[in-house]
Amino acid sequence: MEITVSRKAHFNAAHRLHVPEWSDEKNKSFFGSCNNPNFHGHNYDLIVSLTGEIDPITGYFIDMKWLSQIIKEEIEDRFDHKNLNLDCEEFKQLNPSTENLAVVIWQLLNKRLNHPKNLKVILYETERNFVEYNGN
Ligand code: NI
């Protein structure tokens, strides 16, 4: 019997989406306000989900405290109140789009979780815009 457990997290970060090879006009028309030269912030909501078997003794699949601690250490401590472009190694060469941020978050968490638990992340950049990544 498989069950999915999820933990919600939140962080605020600034970014700028920009392709250096493109003209300023092309960047502005493609990325809109996310190309603002002096950056801008987003309130990111993150949902981390793991799927697996319930332990018949404890009735747990995973300990939520353990999961929330890993999310805090790997994601919130790393990205909260940061400028993704300037402060975060992960985005020195990578455009900090919601898509790329979701993949980076998945990779950081997957490295820590260290065994197959069918990890999925859903990252909201706004209330209405979100992306999903499950490692595929
Ligand atoms: Ni933006």
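How many bridges join strand E1 to E2, and do the two run parallel or antiparallel? Select residues 2-15 for E1 and residues 40-53 for E2. The two strands run antiparallel, and 14 bridges join them. Keep in mind on this tour that the model is predicted.

**Stop 1: along strand E2**

Start with Glu53 in E2. Opposite it stands Glu2. Now colour E2 by burial. Ten of its 14 residues are buried, so the strand is mostly covered. Next, add residues 120-124, which form strand E4. E2 pairs with E4 too, in the antiparallel sense, over five bridges. To find one of these pairs, pick Ile47. Its bridge partner in E4 is Ile122.

**Stop 2: the nickel ion**

Select the nickel ion and show the side chains of His15, Cys34, His40 and His42. These four residues coordinate the ion. The histidines each use NE2, and Cys34 uses SG. The distances run from 2.0 to 2.1 Å. Along the chain, the donors follow the spacing H-x18-C-x5-H-x1-H.

Why is the arrangement called tetrahedral? The four donor atoms subtend angles of 93 to 131° around the ion, which makes it so. The cut-off asks that all angles lie between 85 and 135 degrees.

Are His40 and His42 buried or exposed? His40 counts as buried because its relative accessibility is 19%, and the limit is under 20%. His42 is buried as well, with a relative accessible area of 13%.

**Stop 3: Asn12**

Stay with His42 and select Asn12, which touches it. Asn12 is found in strand E1. Its other contacts, leaving out residues up to four places away in sequence, are Asn43, Phe79, Asp80, His81 and Lys82. Take Phe79 from that list. It lies 67 residues from Asn12 in sequence, yet their C-alpha atoms are 7.5 Å apart in space. Now show the side chain of His10. The side chain of Asn12 makes a polar contact with it at 3.1 Å. Asn12 is partly exposed, because its relative accessible area is 24%.

**Stop 4: Glu74**

Move to residues 64-79, which make up helix H2. Glu74 has its place there. Which side chain does the side chain of Glu74 meet in a polar contact? That of Arg112, at 3.0 Å. Glu74 also touches Leu108 and Leu109. With 14% relative accessibility, Glu74 counts as buried.

Note on methods. Residues are numbered from 1 along each chain as its sequence is written. This is a predicted model: local features need pLDDT of at least 70, side-chain atom pairs count only at pLDDT 80 or more; totals for chains, interfaces and linings use all residues. Side-chain values use heavy atoms; hydrogens and water are left out. Buried means under 20% relative accessible area, exposed over 50%, partly exposed in between (1.4 Å probe, protein chains only). Helices (H or I, at least four residues) and strands (E, at least two) are DSSP runs, numbered from the N terminus. Two strands pair if DSSP finds at least two bridges between them. Contact means heavy atoms within 4.5 Å. A polar contact is a pair of N or O atoms within 3.5 Å; within protein, one must be able to donate a hydrogen and the other to accept it, and residues adjacent in sequence count only if both atoms are side-chain atoms. Donors are N, O and S atoms within 2.8 Å of the metal (3.2 Å for Na, K and Ca); water is not among the atoms, so sites may look incomplete. Four donors count as tetrahedral if all angles lie between 85 and 135 degrees; four count as square planar and six as octahedral if opposite donors are over 155 degrees apart and all others between 65 and 115; anything else is irregular.
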